[in-house]
Amino acid sequence: MALGTRPIHIVGVLVVAALLWAGAEAFGAEPYRVEIEGDRCQATMVTGEVSRLPAGQREWVALSVRDYLFSEDRVKTMKRARVQLTLPDGSAVRFDEDTEFVISALEYDSQKMKRNVGVRLILGKTWASVRRFFTQMGGFEVEMPQAVAGIRGTIFRANVYHDSS
């Protein structure tokens, strides 16, 4: 390496380090672990206006990052809003703007490696990255007006339009 290029490399490394530090500060990015067991999942990303109707309740409430959702909770994303739910096994499910869904089943047993997750997609778009279980007891279903998709360890997308197609 030529002696004249060493200062340029050092400056380059310092600029990259400063950008990475500033980027984390700008987003308020503070990493956290998701530790979920049993019959709940967690909202790990919420952008825009997202509301939930807890099972058995009559009033919609705002959904925030780190809030837990349970079986039979109903969720709506408004215009320019999105939400990501993380399941106990690390699987992630994202919902796009103008989407409404119900968590129809949410059971997880890490000891037995058993999962039973169901989402009823009423309207909108969803994307999921579902972790594969090594046993045959790892169910994940997305129910739509015209179809039901059973998933075992894959990435997929499903859309339901206003005409239920």
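The protein exposes about 10,500 Å² in this predicted model. Carbon and sulfur atoms supply 54% of that area. Of the 165 residues, 33% count as buried.

The secondary structure comes to one helix and twelve strands. The helix comes at the start of the pattern along the sequence, and the strands follow it: α-β-β-β-β-β-β-β-β-β-β-β-β. Contacts were also sorted by sequence separation. Among those between residues at least 6 apart, 49% join residues at least 24 apart.

Confidence was examined next. The pLDDT averages 78 over the protein. A score of at least 70 is reached by 70% of the residues. Over residues 22-36, pLDDT stays under 50. For this segment the model has 16 contacts beyond four places in sequence.

The largest pocket has a volume of about 150 Å³. Its lining includes Asp-96, Glu-97 and Asp-98. Leu-123, Gly-124 and Lys-125 also line the pocket, as do Val-160, Tyr-161 and His-162. Strand β9, which spans residues 114-130, gives the largest share of the lining, with three residues. By class, four lining residues are charged, three are nonpolar and two are polar. Asp-96, Glu-97, Asp-98 and Lys-125 are among the lining residues and belong to the charged class. The nonpolar class takes in Leu, Val and Tyr, represented in the lining by Leu-123, Val-160 and Tyr-161. Gly counts as polar, and Gly-124 is one of the residues lining the pocket.

Key. Residues numbered from 1 in each chain as written. Predicted model: local features only at pLDDT ≥ 70, side-chain atom pairs only at ≥ 80, totals over all residues. Heavy atoms only, no water. 1 Å grid on protein atoms, 1.4 Å probe; cavity = no way out; pocket = protein on both sides within 12 Å on 5 of 7 lines; lining within 4 Å. Points joined across faces, edges and corners; volume = space filled by probe spheres on them. Helix = DSSP H or I, 4+ residues; strand = E, 2+ residues; numbered from the N terminus. Buried < 20%, exposed > 50% of the residue type's maximum accessible area, 1.4 Å probe, protein only. Contact = heavy atoms within 4.5 Å. Areas by Shrake-Rupley, 256 points an atom, 1.4 Å probe, with all protein chains shown as cover. pLDDT = per-residue confidence, 0-100.
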